[in-house]
Amino acid sequence: MRKPIIAGNWKMNKTATEAVALVELLKEKVANKDVKVVFCPPYTSLVAVKEGLDGSTVGLGAQNMHFEDNGAFTGEISADMLLDLGVEYVIIGHSERRQYFNETNETVNKKLHKALEKGLIPIVCVGESLQEREEGIQEAVVTTQVCEAFKNVQADDAAKTVVAYEPIWAIGTGKTATSDQAEEVCRWIRENLEKIYDSEVAQTVRIQYGGSVNASNVDELMGMPNIDGALVGGASLKEDFVRIVQFGA
Ligand code: PEP
């Protein structure tokens with residue numbers, strides 16, 4: 001049985017002071033032994049959120065990292081820097097990073113290798129644009145993203161990874177994929193992992209859906225056999241997140 005994982009991607013929201021207040025609001029209410037809950041605040045709030053989460057089972061994640069260990073990469077953050085702050089998870093290849101910061105399948109692959117080498121749990125984001133869905137090529141797009149992200153990643157490492165299917169047209173738009181649409185792509189992702197590795201790896205990897213998940217649609221999405229969690233943007237900044245992690249209640 002895969003333990004569900006629900007992560008809140010706070011994006012570029014919350015000062016450190018505001019982040020502490022949000023942790024205080026949410027942390028007791030989201031404690032759920034049957035679901036792994038992760039907060040992914042901006043870099044500048046990681047320390048404050050870590051302190052605020054002291055004694056809690058909520059995990060700490062970053063929204064990005066660089067694939068090099070250190071060096072002349074102004075403005076970037078390494079895996080070791082994250083680990084030193086107590087970060088356990090890292091989002092890799094979010095569509096906003098791909099869209100605005102030139103992330104490619106190749107950089108996603110390099111980051112995935114580095115995160116796994118360092119012992120961070122990667123949340124690898126894949127998903128098609130609206131145009132790609134309208135053209136009916138979403139399966140090909142997501143298949144390529146998965147194959148390229150996992151290039152030369154060993155099976156035991158792959159099994160530790162979380163994959164987030166996030167159709168770009170559903171992110172921050174209020175337009176959620178139907179549970180059938182989300183399930184179909186999550187199933188393709190699992191089938192791809194089985195082709196690349198084997199059924200053990202495919203059955204171990206947790207696959208999240210992300211894209212306008214909220215308190216009203218989470219139950220149906222989480223009821224699908226290949227959806228093991230959610231990557232939540234906007235609704236993770238509100239008390240709604242409490243209901244989201246209590247899906248099915
Ligand atoms: C996200 O940022 O990963 C996301 C899914 O955002 P939202 O829930 O706001 O659509």
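A residue counts as buried here if 20 or more other C-beta atoms lie within 10 Å of its own, exposed if 12 or fewer do, and partly exposed in between, with the C-beta atoms placed from the backbone. By that yardstick E183 is buried, since 21 other C-beta atoms lie within 10 Å. Keep the cut-off in mind, as burial comes up throughout.

Two bits of housekeeping first. What you are looking at is a predicted model, in which local features need pLDDT of at least 70, side-chain atom pairs count only at pLDDT 80 or more, and totals for chains, interfaces and linings use all residues. Residues are numbered from 1 along each chain as its sequence is written.

Start with the overall build. The protein chain has 12 helices and eight strands; these are DSSP runs numbered from the N terminus, with helices being H or I of at least four residues and strands being E of at least two. The chain's radius of gyration is 17 Å, close to the 18 Å from the globule rule for 249 residues, so the chain is as compact as a globular protein of that length. (That radius is taken over C-alpha atoms, and the rule is 2.2 Å times the number of residues to the power 0.38.) Along the principal axes, the C-alpha atoms fill a box of roughly 45 × 45 × 35 Å. Of the 249 residues, 47% count as buried. Now for contacts, meaning pairs of residues whose C-beta atoms, placed from the backbone, lie within 7 Å. Among contacts between residues at least 6 apart in sequence, 72% join residues at least 24 apart.

Next, the strands. Two strands pair if DSSP finds at least two bridges between them. Strand β8 (residues 229-232) is a handy place to stand. Strand β1 (residues 5-9) runs parallel to β8 and is joined to it by four bridges, with G8 opposite V232. Strand β7 (residues 206-210) also runs parallel to β8, through three bridges; here Q208 sits opposite G229, and Y209 has A230 as its bridge partner. Step on from β7 and you reach β6, which is parallel to β7 and linked to it by four bridges, Y165 being partnered with Y209.

In a regular strand the side chains alternate between the two faces of the sheet. In β8, G229 and L231 point one way while A230 and V232 point the other, and all are buried. Strand β7 has R206, Q208 and G210 on one side and I207 and Y209 on the other, again all buried, which leaves both faces covered. Five of the five residues of β7 are buried, so this strand is largely enclosed by the rest of the structure.

Which residues does the record flag? UniProt, in an unreviewed entry, places the feature "active site" at H94 and E166; its positions are given in the numbering used here, feature names are shortened, and annotations may be inferred rather than shown by experiment. The two span 73 residues in sequence, yet their C-alpha atoms are no more than 8.4 Å apart, so they gather at one spot. H94 lies in the loop between β4 (89-92) and α4 (95-100) and is buried, with 27 other C-beta atoms within 10 Å. Leaving aside neighbours within four places in sequence, H94 is in contact with Q63 and C125. E166 is in the loop between β6 (162-165) and α9 (179-196) and is buried too, with 29 C-beta neighbours inside 10 Å. With the same sequence neighbours left out, the contacts of E166 include C125, I171, G210 and L231.

Now the ligand. Of the 14 residues around the ligand, I171, G172, G210, G233 and G234 come nearest, where being near requires a C-beta atom, placed from the backbone, within 6 Å of the molecule. The shell is made up of five nonpolar, seven polar and two charged residues. In this scheme Ala, Val, Leu, Ile, Met, Phe, Trp, Tyr, Cys and Pro are nonpolar, Asp, Glu, Lys and Arg are charged, and the others, Gly among them, are polar.

Finally, back to E183. This residue lies in helix α9 and touches M224, N226 and I227, not counting residues up to four places away in sequence. E183 and L221 are 38 residues apart in sequence and 7.8 Å apart in space, C-alpha to C-alpha.

Terms used:
Two residues are in contact if their C-beta atoms, placed from the backbone, lie within 7 Å.
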